[in-house]
Structure formats: C-alpha cells, structure tokens
Amino acid sequence: MAQLVMALCVEGSTDARFLDVIAERTALQILTSQSRTVVEVLPIQRMLPTGHGQPQRILAAARDASGYHLLLVHADADAHSPEAAWAERIQPGFALVQEAAKRNEAVCDRCVAIIPVQMTEAWLLADSDSLLQLIGTGESAENIGLHHAGRHIEEIADPKTYLNNVLTTARGSMPRSRRKYIQLGSLYEPLARRISLERLKLLPSFLRFRSDLEQSLAELGLIPHV
C-alpha cells in the first residue's frame, strides 16, 4: 500500500484545525476516485516555523518537512485578490524553497498553496446545512442570517465577523445552559469533518487548491495525469 505524507504551514492555529482536515479529505477524495492503487493518507503534520517574514517561514517549514511528499502553505487573500496573495505572500517563499532544493538542501520542494477568499472562515460558510446541524439551533438559515450561498460567499468582506453575528443570533433562541458551548472556535474541526466537499467546490478558491493538489498527486505518480 502506498502512503501520502503531507505537512501544513498555516498562518494561525485556529485555521489549522479546519484546513488540515479539509486537505486530508480532499486528497483522499481525489485518490479514491482516480488512483489505480490503494493510497493511505496519513494525518497532516502541522509545521510551526519561525523566521522573519513569510518567505523565510515557508523555507523553514520546507526544511522541517524534508522527506514529506507535499508541503501545503496557507495564506488568506484578505482584501487582496488570490493573485495578489500568491505574488506577495506565497511565491517568494516557494522561490526560496526551489533555490534551496537546487543547492541540494534537505527540503520538501513540492509545495501547494491554500488561499481562501477572503479568509478561511468563508470556507466554513460553504455548507449551511452542516453548519446549522453543528450549531444545533431549531431556526432556519434565513432566521439566523445565513443568506449567502455558492460562490457569493467569497464576496463577504469579513466572513469571520459574519459568522460571529450568525452565532450570536442563533444563541438568542437557545437555552442559557447551551449558549456558552456555541462559540466560533469550537466549530472549526467538527465542521471540517462533516462539511460537503461538493459545496466547497462551488468556491473558486477551493477549486484552485483542489486543482493544484490534484496536479501534485499526479506528479507524485499517485494518480494518472489528465
């Protein structure tokens, strides 16, 4: 049985609880549908690199991930376009990794970017059904302010504030004893495990990540080239 070993360099520990599960599930979905052999996807290892500036942190993560198949690197697009986030916060680090590889340094030089628009919290909004189930409210999506769907989610300027407002509204209809358990920070990992990947595919930023991951898996020989 073949194995896939990936590492994740992420901007924040909260984002990591969501993105590592999503990346594992996405890789497994691709491999299950396309690989000619059984491939075990091992739990993603989170890298916590140090360094001055994002490029140096990416290089440090690549060194820490030496021997891994893939290094996933996260950066939120924020108010910028994904192209701007790539050019400013991802590409310079990837360039340092490739230069290090040419010097025969021990690095993981197969890197894949994860750039949600505007931020990771937008991806949490992709599947309102799963979100409602986790919140555990009897209210409808419309009643607690979940009005966005599909690719329009990425038009929300501040999805983290939007989500917190949704939770505040939902808590208003809950018993007091339950309200304290419905906090944004508690949703990242359980939502990552149940969110519909098909719903996520409606978001261009997720599709871009999935396509880049698929290409890397093909280069590793784990799935056929298209």
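Phe94 is buried in this predicted model, with a relative accessible area of 11%. Since the bar for burial is under 20%, that value puts Phe94 inside the buried class. Its ring partner is Trp86, and the two make an edge-to-face aromatic pair. The ring centres sit 5.4 Å apart, and the planes meet at 80 degrees. The edge-to-face label follows because the angle is over 60 degrees. Trp86 itself counts as partly exposed, at 35% relative accessibility, so this pair brings together a buried ring and a partly exposed one.

Searching the whole structure turns up three aromatic pairs. Besides Trp86 and Phe94, there is a cluster to look at: Trp123, Phe206 and Phe209 are linked by ring pairs.

Now for the charged side chains. Side chains of opposite charge can pair when their charged atoms come close. With a cut-off of 4 Å between side-chain nitrogen and carboxyl oxygen, the count comes to eight salt bridges. One of them joins Arg199 to Asp129, with the closest N and O atoms 2.9 Å apart. This pair ties together distant parts of the chain, as 70 residues separate the two partners. Arg199 belongs to helix H9 (residues 197-200), while Asp129 belongs to helix H5 (residues 128-135). Both ends of the bridge are partly exposed: Arg199 has a relative accessible area of 31%, and Asp129 comes in at 40%.

Things are more local in helix H8 (residues 188-194), where Arg193 and Glu189 both lie. These two are four residues apart, or about one turn of the helix. They form a salt bridge whose closest N and O atoms are 3.2 Å from each other. Arg193 is exposed, at 52% relative accessible area, and it earns that label because the value is over 50%. Glu189 is partly exposed, at 33%.

Another bridge runs between Glu198 and Lys201, again with a closest N to O separation of 3.2 Å. Glu198 has a relative accessible area of 47%, which makes it partly exposed. Lys201 is also partly exposed, with 24%. Elsewhere, salt bridges with shared partners join Arg63, Arg103 and Glu105 into one network.

Note on methods. Residues numbered from 1 in each chain as written. Heavy atoms only, no water. Buried < 20%, exposed > 50% of the residue type's maximum accessible area, 1.4 Å probe, protein only. Phe/Tyr/Trp six-rings, centres within 6.5 Å; stacked < 30°, edge-to-face > 60°.
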